[in-house]
Amino acid sequence: MAGDQYELAGHPGDSQARGQSGEGARPSAAVDLLCARSERLLSEVHAALRSRHVALLTGLAGSGKTTLGRAYVRHFGAQYASVIWLDALAPETLVADLLAHSEFLPSVREGLGKGAEGIRQIIEALLAVDGLLLVLDHATLTSEGLPMASGRSPKGTVLVLTQEQLPASVMAGFELKPLEAEDGATLLLGQAGLLAVEASLQEAQAQEAPGERQRLALEISRELAGSPLALTLAAGYLALTGCTLECYLSACRSDPLRLSGAGDRHTAAARVACHLLLVHLEGADPDALRLLEACALFACPPVPRAVLQQDALLQAVFGTTGAAGEERFQHALHTLLTGRLLSAVQVSGNYEALELHPLLRELVLQALSQQRQVILREAIAAACLCLAEASGPPSASSLALWFRLAGHIREGAAADERLLLSGEQTADAYAWAASLLGAQAYFSAAESLLRRAVMIWEQVATDTALAKMAGACLYLGVFNAHLQRYTLAERYAQRALTITQQLPSVPPLRLLDCITTLAWIYEMAGRPAEARRFYQRALAFGDTASLRAHPLYLAAMEAARRLSPEERETLPIDNPPNPPYPGFETSAEAEQDEPPAVNPPYTGFDPPEISDVL
């Protein structure tokens with residue numbers, strides 16, 4: 001890859017670590033120095049939260065919102081009975097963080113499985129808890145599930161971190177501005193290890209070298225527009241290369257991206273700082289650059305470190321697996337951490353993850369070829385599925401991990417529409433993620449993933465692929481029925497029944513499932529005559545297959561009685577029926593009948609029974 005490939009417009013990354021639960025790796029002394037210089041702002045935020053219970057912190061990407069939020073938790077968190085940090089970047093990250101707290105939050109048990117409305121209910125319940133500090137990172141003020149539309153005054157306290165502009169109606173709002181030159185110089189010198197780690201603010205100011213070093217640090221701070229993101233990357237470059245401040249300042253001023261003059265000063269400065277690092281990696285450590293490219297394809301940060309260590313990704317990134325691949329991974333990771341291109345964090349669920357700032361991710365992706373994206377995205381899907389299968393039985397922590405993995409798969413699939421990925425394991429990963437999202441009532445996202453899985457399986461002419469398609473089409477019918485797309489739901493369910501009947505070996509329970517699901521779809525669609533006919537067909541089949549004691553048979557019997565002309569001829573619109581299988585659980589009776597491997601998530605890997613876990 002030529003160095004000038006990175007000269008197109010793009011954005012770099014912020015290596016300041018954050019923990020999704022408000023906890024995480026010990027921040028560097030330089031971050032503490034930055035927060036000490038922002039002590040007045042922290043005090044104002046604290047006063048606003050104590051008096052109004054809600055405060056908003058806004059600013060451009062890379063302006064330090066998350067860093068300041070974490071600083072607030074460190075400085076004032078002890079004054080609250082409990083602190084919960086939620087990442088609102090995507091539904092999966094919200095669900096993952098809530099699951100990590102589910103063992104001691106009863107409201108989570110009640111709200112999960114209801115989609116966006118359930119998330120809203122959980123957050124409103126949290127805000128009713130006295131003494132609770134809730135931090136919402138990556139918040140969208142108008143998105144579902146966030147409390148901004150509620151007019152009620154919360155008993156708890158919520159700090160919202162967002163890139164959106166402050167609404168005029170918000171009294172307690174704070175906008176982060178670029179650093180003053182002196183503050184930026186202190187941040188740069190501290191992050192680069194040129195100040196004593198244990199220094200207080202006053203001591204750090206006294207240690208700032210007089211003369212040339214101080215002048216150069218101030219010049220770099222001004223050159224990079226006071227951007228905390230750009231200055232942190234600059235410190236990473238100094239630590240990685242050992243170059244002098246004078247050399248770095250010269251490199252900044254001669255960088256092609258600076259000379260292009262594209263974008264605002266804040267973004268342009270971050271772009272330059274990132275570009276210098278990427279060009280250095282390309283010549284000095286290609287393995288680190290390849291690993292960074294893989295991390296950039298994970299859309300929902302942070303990335304569980306263990307995913308990157310799966311054989312599928314080691315092969316795609318380094319061309320080797322086993323001990324050799326692990327050694328190259330460790331070396332590349334050390335380079336990226338030293339250069340502050342990645343940061344290590346401990347997230348909810350108690351596992352180590354790696355974070356790449358969205359601005360840096362955007363710039364890296366602009367230089368990534370389509371062929372390379374296909375290779376890496378298919379490897380990422382396979383690695384996520386392998387890690388999920390290896391993470392043990394369902395528990396609060398493993399479920400939190402699974403939803404983060406599902407988020408990576410979903411976002412990757414959304415970006416892959418033009419790439420037309422075709423790997424069968426990619427389809428398996430899409431179906432697995434769809435099962436988790438569907439269990440949380442995110443039916444639209446689940447339907448989209450599962451439909452793409454079917455498109456891939458259609459190209460594979462094997463009995464295994466057909467069996468997976470049958471199970472997938474059945475749940476596509478369920479998802480579309482929940483979305484009130486009844487004609488489409490009927491087509492998918494009919495296709496599932498047709499494919500299932502054509503399979504070489506068909507367990508009776510699967511056929512009963514198809515017939516009953518199709519009847520349920522008709523009932524949901526307000527077509528009681530067709531629903532009653534298929535429920536009666538399910539009963540006739542159940543009699544023949546000796547399944548009279550199975551819950552599906554009993555449910556069909558109850559539904560047929562409910563829809564009989566003597567009982568009721570129309571669908572109860574205000575009380576729609578439950579699906580034949582609640583969620584994605586498989587009953588003990590069904591397991592005894594040896595359900596096929598196509599049971600969602602259609603790979604032989606059983607999805608979590610969330611109600612039992614919580």
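Ser-422 is exposed, with a relative accessible area of 54%; here buried means under 20% relative accessible area, exposed over 50% and partly exposed in between, with a 1.4 Å probe and protein chains only. The model is predicted, so local features need pLDDT of at least 70 and side-chain atom pairs count only at pLDDT 80 or more, while totals for chains, interfaces and linings use all residues. Residues are numbered from 1 along each chain as its sequence is written, and side-chain values use heavy atoms, with hydrogens and water left out.

Ser-422 sits in the loop between α20 (396–415) and α21 (424–439). Helices (H or I, at least four residues) and strands (E, at least two) are DSSP runs, numbered from the N terminus. Not counting residues up to four places away in sequence, Ser-422 touches Glu-378 and Ile-456, where contact means heavy atoms within 4.5 Å. Ala-453 is 31 residues from Ser-422 along the chain, and their C-alpha atoms are separated by 9.1 Å.

**Two buried helix residues**

For a contrast with that loop serine, turn to Ala-489 in helix α24 (residues 486–502). Ala-489 is buried, with a relative accessible area of 0%. Leaving aside neighbours within four places in sequence, its contacts are Gly-477, Asn-480, Ala-481 and Ile-521. Of these, Ile-521 is 32 residues from Ala-489 in sequence and 7.0 Å away in space, C-alpha to C-alpha.

His-266 belongs to helix α13 (residues 265–284) and is buried too, at a relative accessible area of 10%. Beyond residues up to four places away in sequence, His-266 touches Leu-60, Ala-61, Gly-62, Ser-63, Pro-178, Ala-225 and Ser-227.

**Two helix pairs**

Two packed helices are described by the angle between their axes and the distance between the axes. Axes are lines fitted to C-alpha atoms, for helices over the stretch in contact, and angles run from 0 to 180 degrees between N-to-C directions.

Helix α14 (residues 286–296) and helix α18 (residues 358–366) have axes that come within 9 Å and cross at roughly 110 degrees. That makes α14 roughly perpendicular to α18; angles under 35 degrees count as roughly parallel, over 145 as roughly antiparallel, 65 to 115 as roughly perpendicular and the rest as oblique. In this pair, Leu-292, Glu-293 and Ala-296 of α14 meet Leu-360, Arg-361, Val-364 and Leu-365 of α18. By class, the contact of α14 with α18 has 5 nonpolar, no polar and 2 charged residues. For these classes, Ala, Val, Leu, Ile, Met, Phe, Trp, Tyr, Cys and Pro count as nonpolar, Asp, Glu, Lys and Arg as charged, and the others, Gly among them, as polar.

The axes of helix α9 (residues 212–223) and helix α11 (residues 245–254) also come within 9 Å, crossing at roughly 25 degrees. The two helices are therefore roughly parallel to each other. Arg-213, Leu-216, Ala-217, Glu-219, Ile-220 and Glu-223 in α9 meet a set in α11 made up of Leu-245, Glu-246, Tyr-248, Leu-249, Cys-252 and Arg-253. Sorted by class, the α9 contact with α11 has 7 nonpolar, no polar and 5 charged residues.

Helix α14 comes up again around helix α16 (residues 311–318). Within α16, Leu-313, Leu-314, Ala-316, Val-317 and Phe-318 are buried, and their cover includes α14, α15 (305–308), α17 (322–338) and α19 (370–390).

**Positive phi values**

Most residues other than glycine have a negative phi, and most peptide bonds are trans. The table gathers three residues with a positive phi.

| Residue | Phi | Place |
|---|---|---|
| Gly-319 | about 75 degrees | just after α16 |
| His-53 | about 75 degrees | loop between α2 (39–52) and β1 (54–58) |
| Gln-484 | near 65 degrees | loop between α23 (463–482) and α24 |

His-53 is partly exposed, with a relative accessible area of 25%, whereas Gln-484 is exposed at 60%.

**Cysteines**

A search of the whole structure finds 0 disulfides, a disulfide being a pair of cysteine sulfur atoms within 2.5 Å. Cys-247 is in no disulfide, and the nearest cysteine sulfur, that of Cys-243, is 5.8 Å away. Cys-247 is partly exposed, with a relative accessible area of 47%. For Cys-386, the closest cysteine sulfur is in Cys-384, 9.5 Å away and too far for a bond. Cys-386 is partly exposed as well, at a relative accessible area of 27%.
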